[in-house]
Amino acid sequence: MRLLLVEDSIPLADELTASLIQQGYAVDWLTDGRDAAYRGLTDPYDIIILDLGLPGKSGLEVLKEWRSGKMTTPVLILTARSSWAERIDGLKAGADDYLCKPFHPEELLLRVQALLRRSHGLANQPQLEAGGMQLNEDQQTVTCRDRYIELTTAEFRLLRYLMLNSNKVLSKAQLADHLYDGETERDSNVIEVHINRLRGKLGRNVIETRRGQGYRFCGAE
């Protein structure tokens, strides 16, 4: 999953970026509200973490621009401001969730997971489930046909995105856009390699190839 972090505190951003990457997210980090306003509307992010107190343009202004531009990406606001009036302003502007500083990184990760599941119509699941499989996002493992299967980081990232988009046909370009950050060189052949490795672990029919179109997660059912 590709994530945009907009935070001007370098120590906090470094901590969050390391934690998010460890959890299998591809992270782009920006510090200026003007850059964020543009990138949020042009890049295909799955979720955005947005600080309110930004240089260049406030987080609230950025959020309003995104929503007026019809951007539907889930947005989690971070702020040192704890007044209920400011929280209401953020929610009215289109925020999906709110987290006040200071906070524990684990809480942020859980909120990010919940927002992603909610945005894909899986709000009531304590963990990601699709096609008869249960994905443990903390341990980066999957349970399939009563088998407990360990995944590499790359396999986990790919399977999570496929499961969140269960039964949708996803092209290699779409997968690359959502699995890599903006600085990483993208190679569609690498995606094919990881697809084949997942099939080796989960079964050949779990992921269907649509020639000329891409891949579709069918599940183990």
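Gln140 sits at 10% relative accessibility in this predicted model, so it counts as buried, the cut-off being under 20%. Look for Gln140 in the loop between β7 (133-136) and β8 (141-144). Its backbone is worth a glance too: phi of Gln140 is positive, about 55 degrees, although the residue is not a glycine.

Gln140 also turns up as a contact of another glutamine, Gln23. That residue belongs to the loop between α1 and β2. With 13% relative accessibility, Gln23 is buried. What surrounds Gln23, once neighbours within four places in sequence are set aside? Its contacts are Leu109, Gln113, Glu137, Asp138, Gln140, Phe156 and Arg160. Two of those names, Leu109 and Gln113, come back among the buried residues of α5.

From Gln23, step back into helix α1, which covers residues 10-22. The helix has 13 residues and reaches 18 Å from first C-alpha to last, close to the 18 Å expected at 1.5 Å a residue. Its buried residues are Leu12, Ala13, Leu16, Thr17, Ser19 and Leu20. Why might buried positions recur along a helix at such intervals? An α-helix has 3.6 residues a turn, so residues three or four places apart point the same way. As for what lies over the buried residues of α1, the cover includes β1 (2-6), β2 (26-30), β3, β4 (75-79) and α5 (105-119). After the helix comes Gly24, with a positive phi near 90 degrees.Helix α5, part of that cover, can be read in much the way α1 was. It has 15 residues and reaches 21 Å from its first C-alpha to its last, close to the 21 Å expected at 1.5 Å a residue. Which residues of α5 are buried? They are Pro105, Leu108, Leu109, Val112, Gln113, Leu115, Leu116 and Arg117. Gly121 follows the helix, and its phi is positive, near 75 degrees. On the way into α5 there is a proline to check: Pro102, in the loop between β5 (97-100) and α5. The peptide bond that leads from Lys101 to Pro102 is cis, with omega near -5 degrees.

Lys101 brings us to Asp51, since the two are in contact. In an unreviewed entry, UniProt lists Asp51 under "modified residue: 4-aspartylphosphate". Where in the fold is Asp51? Its place is in strand β3, residues 47-51. Is Asp51 buried or exposed? It is buried, because its relative accessible area is 4% and the cut-off is under 20%. Leaving out neighbours within four places in sequence, Asp51 is in contact with Val6, Glu7, Asp8, Gly59, Leu78, Thr79 and Lys101.

Follow one of those contacts, Thr79, and you land in strand β4. Thr79 is buried, with 2% relative accessibility. Besides Asp51, and again leaving aside neighbours within four places in sequence, Thr79 is in contact with Leu52, Tyr98, Leu99, Cys100 and Lys101. Lys101 is therefore a contact of Asp51 and of Thr79, with contact taken as heavy atoms within 4.5 Å.

Now for the largest pocket, which has a volume of about 160 Å³. Which residues line it? They are Tyr45, Asp46, Thr72, Thr73, Pro74, Ser119, His120, Tyr161, Asn165 and His178. By type, the lining divides into three nonpolar residues, six polar and one charged.

Further along the chain, Asn167 is found in the loop between α6 (153-164) and β10 (169-170). Phi of Asn167 is positive, near 70 degrees, in a residue other than glycine. Is Asn167 buried, exposed or partly exposed? At 47% relative accessibility, it counts as partly exposed.

Asp187 belongs to the loop between α7 (172-179) and α8 (188-202). With a relative accessible area of 34%, Asp187 is partly exposed. Its C-alpha is separated by 25 Å from that of Tyr38, and the two residues are 149 residues apart along the chain.

On the other side of α8 in sequence, Asn205 is found in the loop between that helix and β11 (207-210). Asn205 is exposed, because its relative accessible area of 67% is over the 50% cut-off. Not counting residues up to four places away in sequence, Asn205 touches Cys218 and Gly219. How far is Asn205 from Thr72, C-alpha to C-alpha? The separation is 32 Å, for residues 133 residues apart along the chain. Thr72 is one of the residues that line the largest pocket.

Conventions: Residues are numbered from 1 along each chain as its sequence is written. This is a predicted model: local features need pLDDT of at least 70, side-chain atom pairs count only at pLDDT 80 or more; totals for chains, interfaces and linings use all residues. Side-chain values use heavy atoms; hydrogens and water are left out. UniProt positions are given in the numbering used here, feature names are shortened, and annotations may be inferred rather than shown by experiment. Helices (H or I, at least four residues) and strands (E, at least two) are DSSP runs, numbered from the N terminus. Buried means under 20% relative accessible area, exposed over 50%, partly exposed in between (1.4 Å probe, protein chains only). On a 1 Å grid over the protein atoms alone, a cavity is a set of points where a 1.4 Å probe fits but cannot get out, and a pocket is an open set with protein on both sides within 12 Å along at least five of seven lines; lining residues have an atom within 4 Å of a point. Grid points are joined across faces, edges and corners, and a volume is the space filled by probe spheres set on the points. Ala, Val, Leu, Ile, Met, Phe, Trp, Tyr, Cys and Pro count as nonpolar, Asp, Glu, Lys and Arg as charged, and the others, Gly among them, as polar. The expected span of a helix is 1.5 Å times one less than its number of residues.
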